[in-house]
Structure formats: structure tokens, C-alpha cells
Amino acid sequence: MKGKIIVLGSEGVLMVGRGNQMRVQSCPFQSMQRDYKVPNYNDIVREPVARPCGDWCPLFGEPDSTKSPDMYGEVKLDGGAHLSLCQTHYYFEHFTDERVGGEK
Ligand code: SF4
């Protein structure tokens with residue numbers, strides 16, 4: 001599985017390989033508000049939009065490319081990384097961190 005942290009504004013945002021493309025992963029627990037102008041009306045409604053999973057969140061771990069724990073002990077990740085999130089762990093075989101100073 002491929003993983004990547006891209007930079008959007010001032011935040012690092014998680015992307016995961018799904019099929020043959022990389023997709024931004026949305027947080028199932030948080031949303032942002034966005035103003036939406038209703039077409040043909042002079043009215044603006046505020047609607048929730050999904051917030052990307054990323055390093056703004058205190059439950060978003062830092063990628064560790066040195067080793068990952070598994071049921072057999074610790075395995076060395078060669079070009080990959082382990083990333084812990086709020087309710088799961090990812091073991092990416094290929095991982096890129098585009099943040100300045102981020103681990104590769
Ligand atoms: S780590 Fe969990 S709670 Fe935090 S942004 Fe990602 S999905 Fe949401």
C-alpha cells in the first residue's frame with residue numbers, strides 16, 4: 001500500500017493509494033463549515049464539508065520509517081513507514097512525506 005503526506009495550506013494531509021490513484025483521506029469525526037451561495041438566490045447557507053485527516057489532529061501520529069511492530073516482532077521498513085492514527089495503524093510499503101523536514 002502507498003501512503004503520502006501532502007501539504008495543503010499549513011497542514012499535512014494524508015493520502016492513501018486506492019486502486020490506481022492516490023486519494024485524500026477524510027476524517028470521519030470532524031468537519032469544517034463552508035459558505036455556499038444558493039444558485040439563483042441571494043442566499044448563503046453554511047454547510048459542513050469533510051475535513052482531511054492530517055497533522056492538525058492530535059491523534060495523527062508521526063510517520064516512522066525505521067521499523068514497525070507486528071505480530072512477529074519488529075520489521076524494518078525499507079522505503080515505507082508506519083503511521084498511527086486515532087483508531088488504526090498503517091504500514092505503508094511506499095511512503096512519501098512532502099512536509100519540510102519530514103521523514104522519507
Ligand atoms: S487521526 Fe483520526 S481523528 Fe485525527 S484527523 Fe485522522 S481520522 Fe480524524
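I6 is found in strand 1, where a strand is a DSSP run of E covering at least two residues, numbered from the N terminus. The model described here is predicted, so local features need pLDDT of at least 70 and side-chain atom pairs count only at pLDDT 80 or more, while totals for chains, interfaces and linings use all residues. Residues are numbered from 1 along each chain as its sequence is written.

A good place to start is I6 itself. With 17 other C-beta atoms within 10 Å, I6 is partly exposed. This label depends on a count of other C-beta atoms, placed from the backbone, within 10 Å of the residue's own: 20 or more makes a residue buried, 12 or fewer makes it exposed, and anything in between is partly exposed. Once neighbours within four places in sequence are left aside, I6 is in contact with V13, M15 and E98; contact here requires C-beta atoms, placed from the backbone, to lie within 7 Å. I6 and D97 are 91 residues apart along the chain, yet their C-alpha atoms are separated by 6.7 Å.

Stepping back to the whole protein, there are ten strands and zero helices, a helix being a DSSP run of H or I with at least four residues. Of the 104 residues in the protein, 15% are buried. Among contacts between residues at least 6 apart in sequence, 41% join residues at least 24 apart.

Strand 1 belongs to an open sheet of four strands with the order 3-2-1-10 and mixed pairing. Strands are said to pair if DSSP finds at least two bridges between them. The edges of the sheet are strand 3 (21-24) and strand 10 (94-97), each of which pairs on one side only. From one strand to the next, the twist averages 30°, based on axes that are lines fitted to C-alpha atoms, with angles between N-to-C directions running from 0 to 180 degrees.

The two edges can be followed in turn. Strand 1 (residues 2-8) and strand 10 run parallel and are joined by four bridges, and K2 has H94 as its bridge partner in strand 10. Strand 2 (residues 11-18) pairs with strand 3 in the antiparallel sense, also over four bridges, with M15 opposite V24 in strand 3. In a regular strand the side chains alternate between the two faces of the sheet. Strand 10 shows an alternation of this kind: F95 and D97 point to one face and are buried, while H94 and T96 point to the other and are not.

Which residues make up the largest nonpolar core? The six are I5, V13, L14, M15, C53 and F60. A nonpolar core is a set of buried Ala, Val, Leu, Ile, Met, Phe, Trp, Tyr and Cys residues joined through C-beta atoms within 7 Å. Strand 2 gives the most to this core, with three residues. V13, one of the core residues, touches I5, I6, L8, V24, P52 and G54, not counting residues up to four places away in sequence.

Another pairing involves strand 8 (residues 81-84) and strand 9 (residues 89-92), which are antiparallel and share four bridges. These two strands form a hairpin with four residues between them, and H82 stands opposite Y91 in strand 9. H82 is also linked to a loop residue by a short list of numbers: P63 and H82 are 19 residues apart in sequence and 5.6 Å apart in space, C-alpha to C-alpha. P63 sits in the loop between strand 5 and strand 6 (67-70). With 26 other C-beta atoms within 10 Å, P63 is buried.

G61 has its place in the loop between strand 5 and strand 6 as well, but G61 counts as partly exposed because it has 15 C-beta neighbours inside 10 Å. Beyond its neighbours within four places in sequence, G61 is in contact with L83, S84 and L85. The C-alpha atoms of G61 and S84 are separated by 5.0 Å, although 23 residues separate the pair along the chain.

A further loop, between strand 4 (26-37) and strand 5 (44-52), holds N40. Phi of N40 is near 70°, a positive value in a residue other than glycine. N40 counts as exposed because it has 6 C-beta neighbours inside 10 Å.

Finally, the residues around the ligand are C27, F29, Q30, C53, C57, L59, F60, L85 and C86, each with its C-beta atom, placed from the backbone, within 6 Å of the molecule. By class, this shell has eight nonpolar, one polar and no charged residues. In this scheme Ala, Val, Leu, Ile, Met, Phe, Trp, Tyr, Cys and Pro count as nonpolar, Asp, Glu, Lys and Arg as charged, and the others, Gly among them, as polar.

Notes. Two residues are in contact if their C-beta atoms, placed from the backbone, lie within 7 Å.
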